[in-house]
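Biologist: Could you walk me through one part of this model in detail? I'd like a close look at the strand at the start of the chain and whatever sits around it.

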Amino acid sequence: MRVRHKKTGHIYSVTALAIEEATLLPVVCYTGGDGNLWVRPASEFFDGRFEVFLPHPAEAKAVALPGKLQ
């Protein structure tokens, strides 16, 4: 899933949902265009700071679905 940070406008790809070992709280792992891996508490990630990013239809690329004939 790709998301956009509302404040900065940066686009990130969510790579995993995980549990933080010391607190056992859920966290979200995500990467930016620079390749850095970020981890944020899920409570912060889902509090409205991020929104799902959908590219403009003109920028979207067609993707073949598995099992479909071309």
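**β1 and its neighbours**

Modeller: R4 has E51 in β5 as its bridge partner. This is a predicted model, so local features need pLDDT of at least 70 and side-chain atom pairs count only at pLDDT 80 or more, while totals for chains, interfaces and linings use all residues. Residues are numbered from 1 along each chain as its sequence is written, and side-chain values use heavy atoms, with hydrogens and water left out.

β1 and β5 (residues 50–52) run antiparallel, joined by three bridges; two strands pair if DSSP finds at least two bridges between them. Strands are DSSP runs of E, at least two residues, numbered from the N terminus. Another antiparallel partner of β1 is β2 (residues 11–19), again with three bridges, and there R2 sits opposite S13. The β1–β2 hairpin has five residues between its strands, and G9 takes a positive phi near 85°.

Now the side chains: in β1 they alternate, with V3 and H5 buried on one face, whereas R2 and R4 point to the other and are not buried. Buried means under 20% relative accessible area, exposed over 50%, and partly exposed in between (1.4 Å probe, protein chains only).

Just before β1 (2–5) comes M1, which counts as exposed because its relative accessibility is 54%. M1 also belongs to a nonpolar surface patch with V52 and L54, about 350 Å² of accessible area together. Areas come from the Shrake-Rupley method with a 1.4 Å probe; for residues, only the protein chains shown count as cover. Patch residues have over 30% relative accessible area and no salt bridge; like charges are joined within 9 Å, nonpolar side chains (Val, Leu, Ile, Met, Phe, Trp, Tyr) within 5 Å. A salt bridge puts a side-chain nitrogen of Lys or Arg within 4 Å of a carboxyl oxygen of Asp or Glu.

Definitions and conventions
Helices (H or I, at least four residues) and strands (E, at least two) are DSSP runs, numbered from the N terminus.
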